[in-house]
Amino acid sequence: MRILLVTSILFLLGACTDYSETDQQNFRQKIVNYTDKKGISLQESTSGVFYQILEKGQGKEIKYTDKVS
C-alpha cells in the first residue's frame with residue numbers, strides 16, 4: 001500500500017511541470033495556423049488565451065472581487 005501511495009505522489013509531482021518557451025510558441029503557432037486556415041477570427045489575451053466574443057453583453061463589467069452566478 002505504501003509503495004502505491006509513494007508512486008502515486010511521485011507521478012503527480014512529475015505531472016506538474018511547465019511547458020518550455022519553445023513549446024508554448026509552437027502551440028501558439030499551431031493555433032494561429034489552424035484559425036487562419038479555417039477563417040476563424042480570435043483575440044489573444046496577454047496571458048496567451050485565445051478567445052472570441054460572439055455577442056457582447058450589456059451592463060457593468062465584473063471585478064475580481066465580485067461574486068457571479
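These legends describe close-up views of a predicted model.

**View 1. Overall fold of the protein chain.** The predicted chain holds 2 helices and 2 strands. Along the sequence, these elements run in the order α-α-β-β. Helix α2 spans residues 21–38.

**View 2. Surface of the protein chain.** The chain has 69 residues, and 3% of them count as buried. Its accessible surface comes to about 7300 Å². Carbon and sulfur atoms account for 57% of that area.

**View 3. A nonpolar surface patch.** Four side chains are shown: Ile31, Tyr34, Ile40 and Leu42. Together they make a nonpolar patch of about 320 Å². Tyr34 belongs to helix α2. Its relative accessibility is 48%, so Tyr34 counts as partly exposed. The cut-off for exposed is over 50%.

**View 4. The aromatic pair Tyr19 and Phe27.** A search of the whole structure finds 1 aromatic pair. Tyr19 and Phe27 form this pair. Two values describe such a contact: the distance of the ring centres and the angle of the planes. For Tyr19 and Phe27, the centres lie 5.0 Å apart and the planes meet at 90 degrees. The pair is edge-to-face, because that class takes planes over 60 degrees apart.

**View 5. Exposure of the two paired rings.** Tyr19 has a relative accessible area of 54%, so this residue is exposed. Phe27 has a relative accessible area of 38%, so this partner is partly exposed. The dividing value between these two classes is 50%.

Note on methods
Residues numbered from 1 in each chain as written. Predicted model: local features only at pLDDT ≥ 70, side-chain atom pairs only at ≥ 80, totals over all residues. Heavy atoms only, no water. Patch = residues over 30% accessible without salt bridge, like charges linked within 9 Å, V, L, I, M, F, W, Y side chains within 5 Å. Areas by Shrake-Rupley, 256 points an atom, 1.4 Å probe, with all protein chains shown as cover. Helix = DSSP H or I, 4+ residues; strand = E, 2+ residues; numbered from the N terminus. Buried < 20%, exposed > 50% of the residue type's maximum accessible area, 1.4 Å probe, protein only. Phe/Tyr/Trp six-rings, centres within 6.5 Å; stacked < 30°, edge-to-face > 60°.
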